[in-house]
Amino acid sequence: MNPISRRKVLTAALAATAGAAGFAAAARLAQKYGLIPPDHRGPYGAGEALTYACQRVLTAHRPLHEFPRSMISKQPFMNEIGKLPDSFKASQALNFSDWHLTVDGLVDHPLSLSVADLRALATRNQITEVACEEGWSYIAEWIGTPLSLVLREAGLRPEARFLVYYSIQPGWWDSLDLAEALYPGTLISWGMNDGDLPVGFGGPLRMRVPRQLGYKSIKFLSRITVTDSMKHFGKGLGSASPEVGYAWYAGI
């Protein structure tokens with residue numbers, strides 16, 4: 001991503017309020033600096049692009065918002081989980097010893113990592129809030145391996161721009177830009193509140209994206225694919241979420 005000043009983004013924001021011509025100017029500025037989200041088309045596309053560009057610049061170096069241990073929710077909300085495939089149940093019976101995370105696409109060294117492999121790479125703990133678009137939230141300690149370290153092991157190719165990641169649940173997938181993927185707080189989580197990550201919260205592996213709404217933190221993580229474009233994934237909008245009306249970039 002090319003450097004862009006806060007002043008330029010805020011100028012674009014002010015221009016956008018002026019109407020269609022302003023939106024066009026903002027879009028050109030965002031395009032110049034590579035700040036166009038996959039869901040930039042359609043009736044809300046200009047707004048999505050401007051939101052994404054502003055958030056990217058204003059939060060680029062902002063530290064992760066963490067909470068004291070005393071604020072961990074005593075009863076974190078566990079939302080409903082749809083039907084899981086038989087292969088999940090078989091793996092659960094083996095205590096997930098056979099679970100592997102595949103990393104492929106635009107990488108120099110494709111990976112197949114077990115939970116034990118991830119634990120051996122590195123451990124980071126963070127106490128952060130899961131905020132759902134439906135209005136509920138909870139605070140928990142998340143334990144895992146920074147996604148950036150996994151990508152370092154795989155070796156990102158120069159043309160890489162996005163990460164597409166999949167749940168074992170059919171139809172559940174999402175994607176991140178490299179700025180979010182390489183952010184130190186983005187984890188492949190395998191633990192929660194001093195224990196293994198419970199199945200009800202996405203165990204054995206969950207993508208934890210603390211700077212975005214909860215639907216970006218896909219449960220039952222099984223695969224990551226690095227790509228240069230989202231055009232050939234789903235409907236080309238960046239994830240399953242905007243295909244049903246949500247935004248691709250879900251910054252808090």
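**Exercise 1. Place M71 in this predicted model and find out how far its C-alpha atom lies from that of A140.**

Solution. Start with the secondary structure: M71 sits in the loop that runs between α3 (45-58) and α4. Next, look at the solvent. The relative accessibility of M71 is 42%, so this residue counts as partly exposed, a class that lies between the 20% and 50% cut-offs. Finally, take the pair. M71 and A140 are 69 residues apart in sequence, while their C-alpha atoms are 8.3 Å apart in space.

**Exercise 2. Locate A122 and list what it touches beyond four places in sequence.**

Solution. Follow the chain to the loop between α5 (115-121) and β3 (124-131), where A122 is found. Then collect the contacts: G144, T145, P146, L149 and W190. For one of these partners, G144, you can add a distance: its C-alpha atom is separated by 7.7 Å from that of A122, with the two positions 22 residues apart along the chain.

**Exercise 3. Describe the ring pair W136 and Y138, and name the cluster that holds these residues.**

Solution. The structure has 13 aromatic pairs. In the pair W136 and Y138, the ring centres are 6.2 Å apart and the planes meet at 5 degrees, so the pair is stacked. The cut-offs behind this step are centres within 6.5 Å and planes under 30 degrees apart. Now check burial: W136 and Y138 are both buried. Widen the view, and you will see that W136 and Y138 belong to an aromatic cluster with F77, W142 and F201.

While you are looking at rings, turn to Y183. Which residue lies over its face? That residue is R211, at 3.6 Å from the ring centre.

**Exercise 4. Work out how the buried residues of helix α6 are arranged around its axis.**

Solution. First list them: within α6 (residues 147-154), the buried residues are L147, S148, V150, L151 and A154. Their arc around the axis is only 160 degrees, and therefore they lie on the same side of α6. To finish, step just past the end of the helix, where G155 has a positive phi of about 80 degrees.

**Exercise 5. Compare the surroundings of two serines, S175 and S217.**

Solution. Begin with S175, which is part of strand β6 (residues 173-177). Its relative accessible area is 0%, so S175 is buried. The side chain of S175 makes a polar contact of 2.7 Å with the side chain of W248. Beyond four places in sequence, S175 touches L163, V164, Y165, K216, M230, G238, S239 and W248.

Now move to S217, in the loop between β9 (206-208) and β10 (221-227). S217 has 3% relative accessibility and therefore counts as buried. A polar atom of its side chain lies 3.0 Å from the backbone nitrogen of V209. With neighbours up to four places away set aside, the contacts of S217 are R206, M207, R208 and V209.

**Exercise 6. Examine the backbone at N95, D194 and the bond between G203 and P204.**

Solution. Keep the general background in mind: most residues other than glycine have a negative phi, and most peptide bonds are trans.

- N95 has a positive phi, near 60 degrees. This residue lies in the loop between α4 (86-93) and β1 (100-105), and with 62% relative accessibility it counts as exposed.
- D194 also has a positive phi, near 70 degrees. Its place is the loop between β7 (187-192) and β8, and its relative accessible area of 60% makes D194 exposed.
- G203 and P204 are joined by a cis peptide bond, with omega at about 15 degrees. P204 is in the loop between β8 (195-196) and β9.

**Exercise 7. Sum up the chain as a whole: its elements, burial, contacts and surface.**

Solution. Count the elements first: there are seven helices and ten strands. Next comes burial, where 50% of the 252 residues count as buried. For the contacts, take those with a sequence separation of 6 or more; 68% of them are between residues 24 or more positions apart. Last, the accessible surface of the chain is about 12500 Å², and carbon and sulfur atoms contribute 55% of it.

Technical notes: Residues are numbered from 1 along each chain as its sequence is written. Side-chain values use heavy atoms; hydrogens and water are left out. Rings of Phe, Tyr and Trp (its six-membered ring) pair if their centres lie within 6.5 Å; planes under 30 degrees apart count as stacked, over 60 as edge-to-face and the rest as tilted. Buried means under 20% relative accessible area, exposed over 50%, partly exposed in between (1.4 Å probe, protein chains only). A charge sits over a ring if NZ of Lys or CZ of Arg is within 6 Å of the ring centre and within 35 degrees of the ring normal. Helices (H or I, at least four residues) and strands (E, at least two) are DSSP runs, numbered from the N terminus. The arc is that of the directions from the helix axis to the C-beta atoms. A polar contact is a pair of N or O atoms within 3.5 Å; within protein, one must be able to donate a hydrogen and the other to accept it, and residues adjacent in sequence count only if both atoms are side-chain atoms. Contact means heavy atoms within 4.5 Å. Accessible areas come from the Shrake-Rupley method with a 1.4 Å probe; for residues, only the protein chains shown count as cover.
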